[in-house]
Structures are given as C-alpha cells and as structure tokens.
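Biologist: Can you walk me through this model? I'd like to start with the overall picture and then go to single residues.

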Amino acid sequence: MAKGKGMKAKRSTQVLDIFRLFLAEFKRAWIQFKRYPAESIGGVFIITSVFYGLFLSAQYIAGPIQFGDKLDSVIVGYLLWSLSIFVITDIAGTLQSEAQTGTLEQLFLTSFGARTLFLVRAIADLAIQLILLGVILSIIMVLTGRYLSFPIALILPLGTVLMGAYGLGFVMGGISLLFKRIQQVLAIFQFALLFLLTAPTEEWSGIGHIVGYFLPMSPGAGLLRNLMARDAGLNGGALAIALLNGAVYLTIGLLLFGWAERETKRRGKLGGY
Amino acid sequence: MALLQVTHLQKHYGNQGKRIRAVDDVSLNLAAGEVLAFLGPNGAGKTTTIKMIAGLIVPDRGQVAVVGKNPHRDPSALRSLGAVLEGNRNLYWRLTPEENLEYFGVLRGLSAREARLRGRRLLERFELMHKRTTVVQQLSRGMQQKVAIAVALIHEPQLILLDEPTLGLDVEATQTVKRLVREIAAEGRGILLTTHQLDIAEELSDRVAVIRQGQIVAEKQTAELIQEFSSSAYRIELEQSIGVDRQAKLAQLGLEIDLSSQTLHLADTELLYAVLAILQPLPILRIERDRANLTDIFLQLVQEQASGEG
C-alpha cells in the first residue's frame, strides 16, 4: 500500500518535472524567436503569404495535399502538410544545430534522458508554430472577412498523424546522430511524406486497404479526408486504428532513437559534426 | 564513499580497420573537497575519460560510479554531476546569462523559480550581475567561461568536471577561474580538472594523475609527487662573489666553486651549516631547497615513457 502510494507520488513528481521542462523549452524557443526578428519575420512572411494566397483562392500554392475544394479543406490540407514536415525535420534539425553550436553534449547531461528532452522540445516548438499559425490565420480572417470552421473532431485524427510524424522525427533524429549530415535524406523523405499523406488508402480494397493501416500517418490522414472532403462523421474503429498506428510509429521512433543514442555514445561521436 | 570511482575503464576506437587504444585500464577516485588534476599530452585520453565519466561515451569495459550511481545505467547520477566541456560552447549564445541559468537549471531538475533564485546568487558571486541581461554572444571569453561554470553549478552537484577551464583566457580571467575552483572545492565539491597549464594544476590540485597513451603513468598527492622529483640539494645565492679565501675553504669541504659565481649548489645537505659558517658574514640573497615543478615532472614522466617504449 505504502509502496503504491510512493510510486504514485513519484509519478506525479515526474509529470510535474516534465511540465516544467515543457515550459522551459517553450520559453527558450520563444525568447530566441522574438530576439532575432530577421529570422522570425522571414518565417512569418512565408506563412502569411501562403495563407493569404490560399484565401485568395490560389489553391495551387497549397501544396500537394487537398481535402476538397472548400477553403476549410484546403487550409487543413496545407496545415497537415506543413506541420508534418515541421515535426519530422525538427528533431534532426535541433540535433544538427546544437552539435554545430556546441551545446548538444550539455543537453545529454540532463537526468530526464535525451528522448524525453527532445520529445518535449519538439512539442514546445510545435506549440509555438501552432500559436503563430493561429494568430496569422485569425488576422487574415479578419482582413478578408472570410471565416473558417473546422470540425472539432479533426483534432483527434490530426493528433494521430502528428504522433506518427514524431515517430518518424525520432527515426530521422537517430539517423542524424549516427551520420551527422542528413539534409539529402530529409529532402528525399519529403517525397515519401507526400505519398503517405496523399495516398487514399481508405479507398483501397483488399490487401492494399490492410497495408494502408500499417503505413505511418496514413490512417489518420484518411480520417481527415473523410471529415473534411466527404463530410463523413468520425468512425470510432477507424480512429482506434489510426491511434494505434500513431502510437506504434512513435514507439518505433523512440526505440530507434534510443538505440542510435547508445551506438553514437559507443562510437564516441556525440558532440562531433 | 568516494564521490567518483572509476575502475578499469577501457575504450578503443576503430579507424580505417585499425583499433586505436584511447583509454586503457584507467582507475581514479575523487573525494569530496578534493581537486584532482588530470594531465596528459594531446590525444592521451583525458577528454575520452571525462566523457565516459559524464555518460557521454560508453566504455568498452570498466565502471563509473558518481556518488555510487552509474551514469550509463541510472540517469539520476547526472544530478550529482556538472561539467564544462572543452571544445564546446556549453551555453546558448543567443540567451542571456540568467536565461541560460534558468533553462539549464530546469534541465537538471530544478523548478524555474528555484533555478532563477540560484542563478541570481551565482551571478552575484561570479560578479556578473551587471551582465545578466546581455546575450552571452556579446560577453568576453572570460565572462562566458564564468557563466559556463555557473551553469555547471546551478543544480549544486557534488562532482564538477572541468575540461581545460582556462583555455584561451587572459591573465585576469584565469585568476578569477582559479579563485572559483578553490572556492568550489572549499564548499566540499570534488573537482576533476584537466589543463595544459601545469602551473595552474600545481597551484590548484590536491592530487595529480598523469595519463599517457591511454594509461595512467603516475597518480599521487601533488605535494608528494613534487617532493619525490625534487632533490635534497640546497641552492645558496649570494649578493657578491665569494673571494679566494672562501673558495679555498670550501674546496677543503670538497666543493668546487667558480670565483666569479654568486650561486652555490650543495648536494650534501649535511655540509649546509659548515658552508654557512664559511660564508659568514657575506649577505645571502636566497637559500632554498631544490624543488621540482610540475612542468618538469610532467615532461620527465611523459618523455621517460616515450623513451622506454622507443
């Protein structure tokens, strides 16, 4: 009994510590974002231009993913595309830039463990990106007078896609730890991402349909298509499969990253670039 | 219990099909309040050893225990360890000293509030309060190094690893870092220090370990090592030359002294007072026991081994 209580107290302390870490990562990323406006304004300008273009119905700049012709669907397609790329490249990018600036080894001295740290950091980075996107979208909606309405249910499949994206992000991070310069791999990977997010696996039949369940992010993207383009409701079974798919890829990513971390430490190449 | 126990550490690297021995059977201990200078030529295995202690390189064999915990298996061991690593910036250059202290404090398990409070105390102590809101990039090299040491101390670890902490610092900054090392050790923390500046090692360390080609070739109390390498001879320096009379008297004792020389070397210490009686009342500038310094000892140890192998 006492042991059980002790475990519970320990777990809640760990959760509190991780929440503190999230806030610290958020603050660090936010300070750097606002302290160097030239870099931040570049990013804001690109996002603003793309969304403004989308609102002016120039759908061709929406990227390759579209969930129908409605503005809402076009915006969701673009969000999914840009957020997935952001998440998948974020961890590898962090590892490379920290190795270059000479702070990577200090990060590995954390008692949280590298996986927890980089996952929390990637979530904090995503939160800043989402806030930025939210603010820009709101301003554009006010300026153009065109308002979007997203079904709240899309958060769940979006979450499963992002879980898969974090899994792939950790795979890329692991490759980056082992091989250091992986810009070419990341560029090639964008094509694979295009296939994963656009292949209508939910419409495939037979073995193809089953294969679709196993492809990373694909079940969640299918659910989003159903919600946005086909106005279908959220199917509980399909959502469970998408959730399982996301969880499995996240686990695979974390395991591979853990292996790559150990292997890099065995080779003595953690800090090198 | 020793703060740090390193036993039989080994590390080999593969390079183009060859196996290179980086660290070979290194064992070290460090107690609370002790400063151990870990010395060796470039490529001798110092940094590899330090990184194995910090859990950043996995050893092929051997054990590391920081306050009894293995940092390779138990990440909580890292809460007892702080490090300033050579060749690293160790800090976010785009953040200010106080922001770095807060961020790394949380990373080491403190709450943001606690990290801010401790950060402020460290900034005061390190005389950096006036620079607390300046981004690290704009600080001098000496100040950056002080901030890096402060960051290593933010979670009040018992063991501090300092890899070349005075590298590239000017005289004043070097003096400050030396003072800080002394203060940190006086608080009861153990410090493992590597440096190429052997005078600094001699001044700061309680104990010295010399590593060469991955192996420890000497490990002793600093004073003991210096004593061991010092001869028992005396050196007497006079203000003027001794003159013919005294030269003859000293020759009777078996000492051959050049007339023009103002310095006497006395190998047989039993003759000291007899010699002083002969020299009386000539003014003596200095009389001292021949004492080796760490630089001579280091060179001798390293070259001895090299010639032994050659």
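Modeller: What follows goes through one chain, the interface, and then some residues; keep in mind that this is a predicted model.

Biologist: Fine. How many helices and strands are there in chain A?

Modeller: Chain A has 10 helices and 0 strands. Read from the N terminus, its elements run α-α-α-α-α-α-α-α-α-α.

Biologist: What radius of gyration does chain A have, against a compact globule?

Modeller: Chain A has 20 Å, and a compact globule with 273 residues would be near 19 Å, so the two agree. The C-alpha trace spans about 50 × 50 × 45 Å along its principal axes.

Biologist: How much of chain A is buried?

Modeller: 48% of the 273 residues of chain A count as buried. On contacts: taking those in chain A with a separation of 6 or more, 76% come from residues 24 or more positions apart.

Biologist: Now the interface. How many residues does each chain put into the contact?

Modeller: Chain A gives 32 residues and chain B gives 38 residues.

Biologist: And what area is buried between chain A and chain B?

Modeller: About 3100 Å², with carbon and sulfur atoms giving 53% of that.

Biologist: How many salt bridges go across?

Modeller: The rule finds 4 salt bridges across the interface of chain A and chain B. One that I can detail is Arg35(A) with Glu99(B), where the closest N and O atoms are 2.8 Å apart. As for residue pairs in polar contact between the two chains, the count is 18, with both residues at pLDDT 80 or more.

Biologist: Which helices of chain A supply at least two residues of the side that touches chain B?

Modeller: α1 (2–35), α3 (71–101), α4 (104–107), α5 (114–144) and α10 (236–267) of chain A each do. α1(A) gives the most, with 10 residues. By class, that side of chain A has 10 nonpolar, 8 polar and 14 charged residues.

Biologist: Back to Glu99(B). Which helix has it among its buried residues?

Modeller: α2(B) does, and the buried residues of that helix also include Asn100(B), Leu101(B), Tyr103(B) and Phe104(B). Helix α2 of chain B covers residues 97–107 and is mostly covered, with 10 of its 11 residues buried. Just after α2(B), Gly109(B) takes a positive phi of about 105°.

Biologist: What about Thr96(B), where is it found?

Modeller: Thr96(B) is in the loop between β5 (81–84) and α2 of chain B. Thr96(B) counts as buried because its relative accessibility is 4%, and the cut-off is under 20%.

Biologist: What does Thr96(B) touch, not counting residues up to four places away in sequence?

Modeller: Thr96(B) touches Arg35(A) from the other chain, and in chain B it touches Arg132(B), Thr133(B), Thr134(B), Val135(B) and Val136(B). Arg35(A) is also the residue in the salt bridge with Glu99(B).

Biologist: Switching to Asp90(A). Is it buried or exposed?

Modeller: Asp90(A) is buried, with a relative accessible area of 12%. Asp90(A) lies in helix α3 of chain A. Leaving aside neighbours within four places in sequence, Asp90(A) is in contact with Ala122(A) and Asp125(A). Asp90(A) and Met172(A) are 82 residues apart in sequence, with their C-alpha atoms 9.2 Å apart in space.

Biologist: Any backbone geometry I should look at?

Modeller: Most residues other than glycine have a negative phi, and most peptide bonds are trans. Met217(A) is not a glycine and has a positive phi of about 70°. Met217(A) lies in the loop between α8 (207–214) and α9 (218–228) of chain A, and is buried at a relative accessible area of 1%.

Biologist: Which value of phi does His8(B) have?

Modeller: His8(B), also not a glycine, has a positive phi of about 50°. His8(B) lies in strand β1 (residues 4–15) of chain B. His8(B) is partly exposed, with a relative accessible area of 48%.

Biologist: And where is the cis peptide bond?

Modeller: The peptide bond from Gln280(B) to Pro281(B) is cis, with omega near 5°. Pro281(B) is in the loop between α9 (272–279) and β12 (284–289) of chain B.

Terms used
Residues are numbered from 1 along each chain as its sequence is written. Chains are lettered from A and ligands numbered from 1 in the order in which they are written. This is a predicted model: local features need pLDDT of at least 70, side-chain atom pairs count only at pLDDT 80 or more; totals for chains, interfaces and linings use all residues. Side-chain values use heavy atoms; hydrogens and water are left out. Contact means heavy atoms within 4.5 Å. Buried area is the accessible area (1.4 Å probe) that two parts lose on being put together, summed over both. A salt bridge is a side-chain nitrogen of Lys or Arg within 4 Å of a carboxyl oxygen of Asp or Glu. A polar contact is a pair of N or O atoms within 3.5 Å; within protein, one must be able to donate a hydrogen and the other to accept it, and residues adjacent in sequence count only if both atoms are side-chain atoms. Helices (H or I, at least four residues) and strands (E, at least two) are DSSP runs, numbered from the N terminus. Ala, Val, Leu, Ile, Met, Phe, Trp, Tyr, Cys and Pro count as nonpolar, Asp, Glu, Lys and Arg as charged, and the others, Gly among them, as polar. Buried means under 20% relative accessible area, exposed over 50%, partly exposed in between (1.4 Å probe, protein chains only). The radius of gyration is taken over C-alpha atoms; the globule rule is 2.2 Å times the number of residues to the power 0.38.
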